[in-house]
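These are my notebook entries on a structure that I wanted to read slowly, one strand and one chain at a time. The sequence and the model come first, and my notes follow.

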Amino acid sequence: MKPALKALVDRVTFLYEDLDLTVVKEWKETHRAKAVGYMPIYVPREIIHAAGMLPVGVMGGGEGLEIIKGDAYFQSYICHIPRSTVELALSGRLDCLDGMLFPSICDVIRNLSGMWNMMFPDRYVRYIDVPQNYDPEVGGSFWRRELAELRADMARIAGREFSDDDLRNSIRVYNENRTALNDLYLARSREPWVYPIAEMYLVVRAGCVLPPEEHTALIREYLQLAQREDDRKDKDHSRVVIVGSFCEQPPVGLLKTLERAGCWIVGDDLVLGLRWLIGDVDPDGDPLVALSSAFLANSTEAASRYEPGDAKGSQLIASVRDNDAEGVIFCAPSFCDPALLDQPMLVTALDRAGIPHTQFKFSEDTGQFAVIREQAGTFSDSIRLWSEV
Amino acid sequence: MTRPVDADKDRSMELQKEMIAGMFDDLSTAHEDGKKVVYTFVPGNLTELIRCFDLLPVLPEINALQSGMRKLSGGYITEAEKQGHSEDVCTYVKCDLGMLKKGNVGPTGKRLPEPDLLLLSYTGCFTFMKWFELLKQEYDCPVAMLHVPYSPDGKIHDHQRDYIVKQIRTELIPKLEEVSGKKYDEDRLKKMLAKSATAEDDLVHVLESAKNRPSPIDAYFGGVYYIGPMFTAFRGSDEGLEYYRLLREEVDARVAAGLGPVTPDGTMTKERYRLVVEGPPNWTSFREFWKMFYEEDAVVVASSYTKVGGLYDRGFRHDPDRPLESMADYCLGCYTNLGLPSRVELLEEYIRDYRADGFMINSVKSCNSFSAGQLLILRQIEERTGIPGGFIESDLVDPRYFSAANIKNRIESYLQMLEQKRGAGVGA
């Protein structure tokens, strides 16, 4: 690996492993500004950004955090991300966050917002209740009101009002960020051997802690540097899409394992919130209307989002087709209600489309990958050797 | 201690049995009789609205819990898991889907009709949304979606109410009109809501009778029977009105006579422990579970589970003068739609208002809406009231998660601890 790329990979690895959020503290110090955390999946980060604050994605503690206190707050049948998030907070690692947003994903994250209120009564907490009705006059009206309240709250935390133009500017910044992310995903889909999954994931994941302008530049730089790695060659791998990892994130070791087992991951729903909106948000009109309209009309298909028509699974199938994938791996966290309840419906859609699939579950701190490697390897072999897709 | 039950005092129980049996009879021949059927959920249910179109509600949760009580749920869950549903997810959902795959024969042995409409009232639980997405794949019928916003601060905000009312007007009523072939009749709805409010008064009177010593009711195990008609298909009906009038009379008579609650083994004659319970009961071993309490002379004087279908005891009433608005307020105020701080405040008030000397959580694996955060609730209640909490784990309808010996051991140990603390002058 050439030095420039190595430096970049070292940087994103540090950002991923740094559970103390050093970069957030440094940013706050440098900019004399505040930071607001958010849980997966989607929050309108544009509003935080427009207030001059840093949006910080809290994706749990991953594989590097020993859970000492967090387990005392959750029963064994509840997923891992809330317990590691509580651990991060109780150990002081989230003290640098001046507020915390809990989007509507599932009952666990919803209830976690109330726990936060009780555990940290002096901190700002907001539950982000996205509409499940997509009529602009009904769900849209509700969502615009929620966005307006969030805007007022962010201004209050930041200690300064911000204008519609500030918000339009932030919309442009995030449009550019999503464009860069899409370019990275397209490049990866074309030549997955050039952008190893672990590298790519860490570059994407850096968007949780970096300002969006810096993250966009990082993605662009990575795209250029990775292309210069001459020794990265195509392999006889299968091309797969993974689904189910939109909230609690799999350990990087698991992603590497899938790749080593013979699977190029050419589509995924990892850190989905960064790519929730498909296409650009209108940067010129009323910014809250623009954000609302984008959510109603251009949200990605997700297990936490009601599907009113008969299109369940259509986006997954489109992702398989568009990325020339040969199969789907359901890779959901244990006890993840949305992902696991969604799975049978997606399986039905894939079966109808004749797309092979396999499934396993993980926890963010899973450390043993031998069984998964064997399963993924067998799946990869089977679709390469016998698939008709 | 208990003594044999006097059958004359349980006319309301007989009436409820007749009502439920009649409901399932009506459902079994619904389509032959030219009636249309709406599947919907208990929390935030819009029974009066459904009934005012002469549609029959079917409540999959009730089918699942009835299947649990009749020892049918285990087989249904296994069937659903064979079909690819994860062992990690809600067993109500799997019980319902398993029942469907095995012929959709309801808990009373009669076949349930297919839905003409899925009315997804999405209140207090994300799983409801996934449940009806799953059912949508099984049935060729329209879906009407009602998204009820969460109430993190336990307060109702105008824009939340407006959102719900708009959905009822633009999404629900048009679909109910289409399915039923009838126009929306608000006057009819108002008459039903007036009956609801009267029955709600009676239900609150019954629940609050537990403030007496001895309590004439068990507000958890007995409470699930008392809320049955109100939370299901009978709110706003003449039958519901009559049931609650009768129940109120019976309970008043028990108070006057100084009697304790009726249990399956007769009337409790001694009240040693007054408990508040958080969380749903286990249905597969319901009577065995209840017995673990009344054998120790422990009576539940207030419970959160009996509030999943509405917090009537906190003043809410359906209001014929604000029909859709009050339905919206009802949806917003159901127990599991409230943020955890509001839930803790409610439980704390129950402990004080009902002079409870113990607090217990039955944490069910299936229901994250209830369960996520319960360990913090336990700590908060202990800190605020000085009363030690008990914690047991089971499931709604999966018999594999009811470990009788463990649960009995925990209950007994907990009650012994209360006894010791009482002797030492600690707690309430």
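Which residue is the bridge partner of Val277(B) in β10(B)? I looked this up first, keeping in mind that the model is a predicted one, and I found that Val277(B) is partnered there by Met360(B).

**Entry 1: the strand β8(B) and its neighbours**

I then asked how the two strands run, and I noted that β8(B) pairs with β10(B), residues 358-364 of chain B, in the parallel sense over 4 bridges. I also looked for another pairing of β8(B), and I found 5 bridges to β9(B), which covers residues 298-303 and again runs parallel to β8(B). Within that pairing I picked out Val276(B), whose bridge partner in β9(B) is Ala302(B). Following the chain between these two strands, I came to helix α11 of chain B, residues 286-294, and I recorded that β8(B), this helix and β9(B) make a right-handed β-α-β unit.

**Entry 2: buried or exposed?**

I next checked the surroundings of β8(B), residues 273-278, and wrote down that 6 of its 6 residues are buried, so the strand is largely enclosed by the rest of the structure. I sorted the side chains by direction: Tyr273(B), Leu275(B) and Val277(B) point one way, while Arg274(B), Val276(B) and Glu278(B) point the other way, and all of them are buried. I made a separate note that the buried residues listed here include Arg274(B) and Glu278(B).

**Entry 3: where the chains touch**

I turned to the contact between the chains, to which chain B brings 41 residues and chain A brings 43. On the side of chain B, the elements that give two or more residues include β5 (143-147), α7 (158-180) and α13 (340-353), and the one that gives the most is α6(B), with 7 residues. When I looked at the kinds of residue on this side of chain B, I found 18 nonpolar, 16 polar and 7 charged.

**Entry 4: chain A as a whole**

Last, I stepped back to chain A, in which I found 14 helices and 8 strands. Its C-alpha trace spans about 60 × 50 × 45 Å along the principal axes. A compact globule of 389 residues would have a radius of gyration near 21 Å, and because chain A has 20 Å, I wrote that the two agree. Buried residues make up 55% of chain A. Among the contacts in chain A with a separation of 6 or more, I noted that 77% come from residues 24 or more positions apart.

Technical notes:
Residues numbered from 1 in each chain as written. Chains lettered and ligands numbered in written order. Predicted model: local features only at pLDDT ≥ 70, side-chain atom pairs only at ≥ 80, totals over all residues. Rg over C-alpha atoms; globule rule 2.2 N^0.38 Å. Buried ≥ 20, exposed ≤ 12 C-beta atoms within 10 Å, placed from the backbone. Contact = placed C-beta atoms within 7 Å. Nonpolar A, V, L, I, M, F, W, Y, C, P; charged D, E, K, R; others polar. Pairing = 2+ DSSP bridges. Right-handed = clockwise from strand over helix to strand, strands pointing away.
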